[in-house]
Amino acid sequence: MNQFKSKYILPLLFLSTVFYISCEDTIEVDNGFETPQIVVDAWINNTIDETQSISLSFSQDYFDNRLPDPITDASVVVSTETNTFEFVHTSNGTYNWTPPSGERIGDVGETFTLEIQYDGQTLTSTTTLNRVPEIDSISIYFEDQPFGGDEGLFAELYARDLIGKGDTYWVKGFRNDTLLNRPQELNIIYDATFDAGTEIDGSTFIRPLRFAINALDDDGLPRNLDPGEKVGAEIHSISNEAFRFLQIVQEQTTNGDNSIFALPVANSKGNVFKENGDRVLGVFNVAAISKMEKIVEE
Amino acid sequence: MNYGVRLSHFAYLGGRNVYSFGDAPLGEMKPLTDITVAESGEIIEDFLNFEPRFSLKVDLDKSSSFKASYNRTAQYIHLLSNTTASTPVDIWTPATNNIKPAMADQVAVGYFRNFKENKYEFSGELYYKTMDNLIDYIDGADLILNEFVEGQILEGQGRAYGAELMVKKTEGRFSGWLSYTLARSERLVEGVNNNEWYPSRFDQTHNLSLTTFYELTDRMTLSANFVYNSGTPTTFANSGYYQQGYFIPNNDNNARNNVRIPDYHRLDLSLTIDPKPGNRKWKGQWVFGIYNIYSRRNPFSIYFRQNPERVAASQAVNTEAIRLSVIGNFIPSISYNFTFK
C-alpha cells in the first residue's frame, strides 16, 4: 500500500493540476461598415414653455467611439391639423422650437407630422400624442433586500396605469438632477408591466418597474440613497412603435452582459420614412409628461 | 464499384401542441394562426426519403488510385444557434410540420498515391456539396425556450466545397502527417443578408494540422503537434447611432456573419518514455507535455459590448469587441500510463 502511494499518487496529483486560465481581451475587428445613414432623434414633448429639440446626425462605425457627425443644413417642420412649428438649427445638428409664453405644442390625442428636407430628400413621420397617468407618490423606505444591492434607503415610484389596453410609457429616473441613462437603467412600461400579453391593465406599476427609478452602480446593482439627496421621476407617454423600438434598444445595448450567450443582433425599427418607403434610423415621438421630485429625509 | 440506396423515414409524433403560422413579410416573425393538440402516438407529419449513394475506385497502377463518389443524405434534425462558441445553449429542432428535413447531395473525387515503397502516402480530394431546406432565423429571433420558434425560422439553401490534401510518412525514426483543407461553406436565405450568399457559421477557409514523431532512442519519442484554423464568422453590429443619448447598435443591410473570429493556432510538444523491455507485472509509460507552448490566447468566442458607464450629453459612448479565451496560457502536464499484465 505504501509503495502504491509513493509511486502513483504524486504523478496523479500532477495530472490533476491543470491550469485553466480564462481571460478576456479587447480586440480590433473589421465589421464591414460602409455608408453613414441619416439619423433622426426627435423625441419631443408638450410641456408648457419648454423649448423642444430635434437632432439630426449620421450613423457611424459601431466601434468608432465618438460623437456623431451632425446634419446642420436641413429644414425641420412639425405640424398638426391646425398648426405648423418650424424648428430652427441652433448648433451641432440640434433644431429648436420654443413655444410662445404659456403655450405648448399640442394636446393629448392630437396627431403630429414631422417633415424633414435634406439633400433633396423628404423624410416624414406621423405620431399621436398619448395620455400619461399622474404620479401618485415617490416613496422612500428602508430595504434590506434591494435586488442584490446593499441595504439602505431606496425609492419607489407609485403611479397607476390608465384603464384601457396598450398604454406605453418611458419612465426616466433622476438622482440629484442627473438623468439615469445607463442602458441598464432604461425603464419602459407596457400597461403596468414589462410587455403586452399579460392581461394586466389599469393597475399600479409592478414592483421591479417602480423600483427601477433607483440609480445603478458600475456593477449594475441598485445604489442606496443618502439623506438630503434628491430623487426625481418623469413618466413620458410614448407610442407603441417607440416602445418596441426602445425594447430592442434595451435588449441590444445590454447584450454585452450576456457575453457568449448573447442574443442575435436585431435592429430597432423606427417610424421615420423616406419618400420611397425606406425606413430611416430614429424615432419621432411626442410625449405628455408627468413628474415628481422628493428629497430624502433624515 | 459500390452502390446502394437507403430509404429513411421520419415521423413527427403527437403528444404535443402543433403550431400553424401565417405569412409574414420576408425576415419578419410569422403570425401564429392555430394551435392544435396532437394525441400521443398520432403522426403529425412524416417524411420518406431515398438516399442513394455510389462510389467508384480505379487502381491506376500498383501505387496509385482514383476514387469518385456521390451520395444524398437526409437529416431530420436541425441546429439553431446564434453563438459562435459551442455552448450548452445550442438549440436543436426536429423536422416538423413547419420545418422540412435538410437534404444534401455531395460529389467527391480523390487521387491516392504511395511513394518510395509505401514510405510516403499522399492523397488529394475535391468535394462539392449542395444542401436544401437548411434553416436560419430572422434577425432578432428569440431562440431560447420559445415555443413559437418555428415562426421565426427561415428556410434556405447551402453549398460547401473545398480541397483536402494529406501527406503521411509512416516508416522511419521520423514520422507524421500533414493535412490541409481549403474550404468554403455558404448559405442563401431569403430575408437574410440582403438576399445574398453569406458564409455559414461553419465556414473555415484554412485548416492545417501537422503531427510529427521523432524517435530519440528506442524508448524515447518526441512529438509535436501544430494546428491552424481560420476563424469562423459571426454577426456583429456594423454601425451605430445616437438616440436620446443612447448608442444603438445597428446592422446595415441585415448583414449576417460579417465578422471573422481571430484565427486559432497552437503548438503542443511532448516527450514519451516507454518502459524498459522485460517481463514485468505492469508496464508504465511517462508522458511529459506542454500544451499551447507559446501561450496563444485562442478565442473561444468573441462578442461586443458597450461601456455601461453613465455618460453626459456631450460624451461619446464607448464600445468594444471582446475575445474570450478559455485557455490563455501554456499548460504543462505529466502523465503516467500503466497497464497490468
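Which residue of chain B forms a salt bridge with A:Asp25? Select A:Asp25 in this predicted model and look across to chain B, where the partner is B:Arg297, with the closest N and O atoms 2.8 Å apart. This pair belongs to a count of 4 salt bridges between chain B and chain A, and across the same interface there are 20 residue pairs in polar contact, both residues of each pair being at pLDDT 80 or more.

Next, colour the side of chain B that touches chain A by its strands: E16 (239-243), E17 (246-250), E20 (282-291), E21 (301-306), E22 (319-325) and E23 (331-340) each supply at least two residues to that side. Pause on E22(B), from which the largest share comes, namely 7 residues. If you then recolour this side of chain B by residue class, its residues divide into 36 nonpolar, 25 polar and 9 charged.

Now widen the selection to the whole interface, in which 70 residues of chain B are in contact with 70 residues of chain A. The area buried between the two chains is about 6100 Å², and carbon and sulfur atoms give 59% of it. To see where chain B contributes to this burial, pick out B:Gln244, B:Tyr246 and B:Arg310, which supply 14% of the area that chain B buries against chain A, more than any other three residues.

Finally, show the backbone of strand E4 of chain A (residues 60-61) together with E16(B): the two strands run antiparallel and are joined by 2 bridges. Within this pairing, centre the view on A:Asp61, which stands opposite B:Ser239 in E16(B).

Key: Residues numbered from 1 in each chain as written. Chains lettered and ligands numbered in written order. Predicted model: local features only at pLDDT ≥ 70, side-chain atom pairs only at ≥ 80, totals over all residues. Heavy atoms only, no water. Contact = heavy atoms within 4.5 Å. Buried area = accessible area lost by both parts, 1.4 Å probe. Salt bridge = Lys/Arg side-chain N within 4 Å of Asp/Glu carboxyl O. Polar contact = N/O pair within 3.5 Å; in protein donor to acceptor, adjacent residues only side chain to side chain. Helix = DSSP H or I, 4+ residues; strand = E, 2+ residues; numbered from the N terminus. Nonpolar A, V, L, I, M, F, W, Y, C, P; charged D, E, K, R; others polar. Pairing = 2+ DSSP bridges.
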